[in-house]
Amino acid sequence: MKVVIQTILNVEGNRGFRNGEFHVEDSEFKKDPDFAVAVVAYEWIQQQKRETGQRETIIEKVTWNEENDITQIVREIEPVVPEDNLPF
């Protein structure tokens, strides 16, 4: 499934709008479209943060296909950190 994601981010006081077209897995989209798109949007925002040198970034608004607001869902996503079971 192709969707257009729009972000408005505030990077240390500088607001910026970006949009792009992304692929979302059909099976995930059918289960929960907002969450499936939010995961893709989160990954894209993380990429944008890396491009700006990991500066403080505030997510102001995230939408997909111009009408579905997923801002709060994206803000609540936290990366899964694998458990460290190394013997040393």
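Two strands count as paired here if DSSP finds at least two bridges between them. Keep that in mind as you click through this predicted model.

**Stop one: S1 and S3.** Select residues 2-11, strand S1, and then residues 57-64, strand S3. Seven bridges join these two, and they run antiparallel. For a spot to zoom in on, pick Ile8: Lys61 in S3 stands opposite.

**Stop two: the other side of Ile8.** Keep Ile8 on screen and add strand S2, residues 14-23. Here the bridge partner of Ile8 is Phe17. Step along to Leu9 and you'll find Gly16 as the partner in S2. Altogether, S1 and S2 share ten bridges, again in the antiparallel sense.

**Stop three: the turn.** S1 and S2 make a hairpin, with two residues between them. Select Glu12 in that turn and check the backbone: phi is positive, about 50°.

**Stop four: the whole sheet.** Now show all four strands, which form an open, antiparallel sheet in the order S2-S1-S3-S4. At the edges sit S2 and S4 (68-69), each pairing on one side only.

**Stop five: the helix on the sheet.** Add residues 33-51, helix H2, which packs on the sheet and touches S1, S2, S3 and S4. Line up the view with S1 and you'll see the direction of H2 at about 45° to that of the strand.

**Last stop: back to S1.** Is this strand largely enclosed or open? Seven of its ten residues are buried, so S1 is largely enclosed by the rest of the structure. Colour by relative accessible area, with under 20% as the buried cut-off, to look for them.

Note on methods:
Residues numbered from 1 in each chain as written. Predicted model: local features only at pLDDT ≥ 70, side-chain atom pairs only at ≥ 80, totals over all residues. Heavy atoms only, no water. Buried < 20%, exposed > 50% of the residue type's maximum accessible area, 1.4 Å probe, protein only. Contact = heavy atoms within 4.5 Å. Axes fitted to C-alpha atoms, helices over the stretch in contact; angles between N-to-C directions.
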